[in-house]
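Biologist: Could you take one part of this model and go through it slowly with me? I'd like to know what sits inside, what packs against what, and which residues do the touching.

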Amino acid sequence: MEKTNNTIISKGTKQHIGESKDFNATQNLLFQRAMFGLSIYNESKIKSMNYMKRKRIIKVHKKTQDLLNMWKQELIIELTNNFFEKYFKRSPITKALLDNFDSPDPNFRCTLSNKSLHLNKKEIAMRLCAEGILPQDFFNPHTLKTIKHEDRILS
C-alpha cells in the first residue's frame, strides 16, 4: 500500500482519504473508526493520540465488530432456515435445524464478508446508528459536528 498526498493506492485502486460517494469526510471518518478502529491511523498519529481517545476508539471498534458478527449470523440463520423449510420441509434434519439453530452464537466468529451477504455501507451505518454506536444525526450532515481532518491510512 502506497500513500501519496491524500490518495491511497492499494491493490491497483485509488481511494481518496476522507472521500466516499455515500458519506462526507466527517461521516466517513466516524464510520471508518467504528469499522476499522485504530488501523485507519498511521503509527505516529496513534502515538500522539490521547490514551482515552485510543481506548474509546478500540471500545467502539470492538462493539461494532461484535454487533456485525451477530447480525451476520442472524442473516445466515434466516437464509438457511428459509432454504431448508422450502426444499426439505418434511425432513427430520430440517426440524432439528430449525429447533436448535434459531439464535446467533456470540462465541462463533462469522468470517463472511459484508459483500457476500449483500450488506452495503449505508445499511451498516443505519444499523450502527440504531444500536447507538454512531450518532443519531449521522445521516444529517448539517447537524453532525465537523471533525477536523486527520492524517490517516486506510487499510
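**A close look at the packing around helix α5**

Modeller: Let's begin with the whole chain: of its 155 residues, 32% count as buried. Keep in mind that this is a predicted model. The chain has 5 helices and 3 strands, and if you read along the sequence, you meet them in the pattern β-β-β-α-α-α-α-α. Take the contacts whose partners have a separation of 6 or more: 68% of them join residues 24 or more positions apart.

Now for the inside. The largest nonpolar core has 18 residues, and the ones with the most contacts inside it are F31, I124, A125, L128, L134 and F138. Which elements give two or more residues to this core? They are α1 (25–36), α3 and α5 (121–130). Pick F138 as a way in: skipping neighbours within four places in sequence, F138 is in contact with F23, Q27, L30, F31, A125, C129 and L144. A separate core of 7 residues lies apart from the big one, and its members include I40, Y41, I46 and I57.

Stay with α5 and see how other helices pack on it. Two packed helices are described by the angle between their axes and the distance between those axes. Start with α1: the axes of α1 and α5 come within 11 Å and cross at roughly 80 degrees. Angles of 65 to 115 degrees count as roughly perpendicular, so that is what α1 and α5 are to each other. On the α1 side, N28, F31, A34 and M35 make the contact, and on the α5 side the partners are K121, I124, A125 and L128. Sort the residues of this contact by type and you get 6 nonpolar, 1 polar and 1 charged. You may recognise some names here, since F31, I124, A125 and L128 are among the residues with the most contacts inside the largest core.

Next comes α3 against α5. Their axes are 11 Å apart and the packing angle is about 115 degrees, so this pair is roughly perpendicular as well. The crossing of α3 and α5 is right-handed. From α3, the contact uses T64, L67, L68, W71 and E74, while α5 brings in E123, I124, R127 and L128. By type, the residues where α3 meets α5 split into 5 nonpolar, 1 polar and 3 charged. Notice that I124 and L128 turn up in this contact and in the one with α1.

One more α5 residue deserves a visit: C129, which lies in that helix. Is C129 buried or exposed? Buried means under 20% relative accessible area, and C129 has 7% relative accessibility, so C129 counts as buried. Not counting residues up to four places away in sequence, C129 touches L134, P135, Q136, F138 and F139. The C-alpha atoms of C129 and F139 are separated by 9.1 Å, and the two residues are 10 apart along the chain.

Now look just before α5, in the loop between α4 and α5, where you'll find H118. Most residues other than glycine have a negative phi. H118 is not a glycine, yet its phi is positive, at about 60 degrees. With a relative accessibility of 68%, H118 counts as exposed.

Finally, follow α3 over to its other partner. Helix α3 (residues 51–87) and helix α4 (residues 92–100) have their axes 10 Å apart and pack at an angle of about 155 degrees. That angle makes the two roughly antiparallel. The crossing of α3 and α4 is left-handed. Here N81, F84 and E85 of α3 meet T94, L97 and L98 of α4, and these contact residues come out as 3 nonpolar, 2 polar and 1 charged.

I77 is another residue of α3, and at 16% relative accessibility I77 counts as buried. Its contacts, leaving aside neighbours within four places in sequence, are F101, D102, S103 and P104. I77 and S103 are 26 residues apart along the chain, and their C-alpha atoms are separated by 7.6 Å.

Conventions
Residues numbered from 1 in each chain as written. Predicted model: local features only at pLDDT ≥ 70, side-chain atom pairs only at ≥ 80, totals over all residues. Heavy atoms only, no water. Axes fitted to C-alpha atoms, helices over the stretch in contact; angles between N-to-C directions. Helix = DSSP H or I, 4+ residues; strand = E, 2+ residues; numbered from the N terminus. Parallel < 35°, antiparallel > 145°, perpendicular 65-115°, else oblique. Left-handed = near helix turned anticlockwise from the far one by under 90°. Contact = heavy atoms within 4.5 Å. Nonpolar A, V, L, I, M, F, W, Y, C, P; charged D, E, K, R; others polar. Core = buried A, V, L, I, M, F, W, Y, C linked by side-chain atoms within 4.5 Å. Buried < 20%, exposed > 50% of the residue type's maximum accessible area, 1.4 Å probe, protein only.
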